[in-house]
Amino acid sequence: MRKQIAAANWKMNLSISEASILLDQLAATSPNLSEHQEAVFAVPAIYIPLATQKLDGLNHFYVAAQNCHPKANGAYTGEISAPMLASIGVKHIVLGHSERREYFNESDSFLAEKTNAVLSEGSTPIFCCGEPLTIREAGTQNSFVETQLINSLFHLSEEQITKVVIAYEPIWAIGTGKTASSEQAQEIHAYIRSVFATKYSQAIADQISILYGGSVKASNAKQIFSQPDVDGGLVGGASLIATEFVAIINALK
Ligand code: PGA
């Protein structure tokens, strides 16, 4: 079975004491994950050591970064590289979140470089894609997302692409309380998988985990995750509440 993943994206939230309380609550509930399941916590970079310490010993729990720079080192003030993250044990890195694409002008080609940097550390990129509302209203979301994938990922080898986790996040559903219906999620997830099947092979496409993101919460996670091509979620707001996120972890297939 493909990896089923509940990934928390804390974004730029919480003080260190709030982060500490949330991590303690998560660790205390510690859901039992099976071999094919993972819980991933993309916390603000300065809380990575704290999260690593608090979640230590929990099976299939991983601390992640929300971003990295494509270069390994150098004069890039304020940035953090994939090898630096690997050196502190962080092997999952969210790339290309729509907020970074929009507010920090991250382009498809820049994200291709970041993906290469993460893969060359043997780490896992959680690569975000997804359309804005205008594109959804025009009904052209499939080709919009396909272009994002082609431009940033199609240069990868078969072996590399199976190491990438995709997070499909329709921008109109992020932080808005509006969720794609489980049918809408299934439809575009199946399309994304078919894009990889056409470029690589069905066998390769079947190995790629595709997460849904956008207003996932305890009350809708089970239904969304039950769709055949939805392999978990990337969760913002609801990941800041321990009971909500634990319920989301427990909703994994
Ligand atoms: P949300 O955010 O769950 O708050 O909608 C999801 C995300 O941006 O990853």
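Modeller: Let's start with a definition: a polar contact is a pair of N or O atoms within 3.5 Å. Keep in mind that the structure above is a predicted model.

Biologist: What makes the approach of the ligand to G236 a polar contact?

Modeller: An oxygen atom of the ligand sits 2.8 Å from a polar backbone atom of G236. The cut-off is 3.5 Å, so 2.8 Å qualifies as a polar contact. G175 offers a polar backbone atom too, at 2.6 Å from a ligand oxygen. With K11 the partner is an N or O atom of the side chain, 2.7 Å from an oxygen of the ligand. As for cover, the ligand taken alone exposes 290 Å², and the protein buries 95% of that.

Biologist: Which residues around the ligand come nearest?

Modeller: Of the 13 residues around the ligand, those are K11, H97, E169, G175 and S215. By type, the shell holds four nonpolar, seven polar and two charged residues.

Biologist: Now to E35. How do you know whether E35 is buried or exposed?

Modeller: The relative accessible area of E35 is 63%. Exposed means over 50%, so E35 is exposed. You can find E35 in the loop between α1 (16-29) and β2 (37-42). Leaving out residues up to four places away in sequence, E35 touches K3 and H60.

Biologist: On to the rings. How many aromatic pairs does a search of the whole structure find?

Modeller: The search finds five aromatic pairs. One of them is F41 with F245.

Biologist: Why is the pair of F41 and F245 called edge-to-face?

Modeller: First, the ring centres are 5.4 Å apart, which is within the 6.5 Å needed for a pair. Second, the planes stand at 70 degrees, and over 60 counts as edge-to-face, so the name fits. This pair links distant parts of the chain, since F41 is in strand β2 and F245 is in helix α12 (residues 242-250), 204 residues apart. Both F41 and F245 are buried. Together with F61, they form one aromatic cluster.

Biologist: And what makes the pair of Y168 and Y212 tilted?

Modeller: The centres of these two rings lie 6.4 Å apart, within the 6.5 Å limit, so Y168 and Y212 pair. Their planes are at 50 degrees, neither under 30 (stacked) nor over 60 (edge-to-face), so the pair is tilted. Y168 belongs to strand β6 (residues 165-168) and Y212 to strand β7 (residues 210-213), 44 residues apart, and the pair links these distant parts of the chain. Y168 and Y212 are both buried.

Notes
Residues are numbered from 1 along each chain as its sequence is written. This is a predicted model: local features need pLDDT of at least 70, side-chain atom pairs count only at pLDDT 80 or more; totals for chains, interfaces and linings use all residues. Side-chain values use heavy atoms; hydrogens and water are left out. A residue is near a molecule or strand if one of its heavy atoms lies within 4 Å of it. A polar contact is a pair of N or O atoms within 3.5 Å; within protein, one must be able to donate a hydrogen and the other to accept it, and residues adjacent in sequence count only if both atoms are side-chain atoms. Accessible areas come from the Shrake-Rupley method with a 1.4 Å probe; for residues, only the protein chains shown count as cover. Ala, Val, Leu, Ile, Met, Phe, Trp, Tyr, Cys and Pro count as nonpolar, Asp, Glu, Lys and Arg as charged, and the others, Gly among them, as polar. Helices (H or I, at least four residues) and strands (E, at least two) are DSSP runs, numbered from the N terminus. Buried means under 20% relative accessible area, exposed over 50%, partly exposed in between (1.4 Å probe, protein chains only). Contact means heavy atoms within 4.5 Å. Rings of Phe, Tyr and Trp (its six-membered ring) pair if their centres lie within 6.5 Å; planes under 30 degrees apart count as stacked, over 60 as edge-to-face and the rest as tilted.
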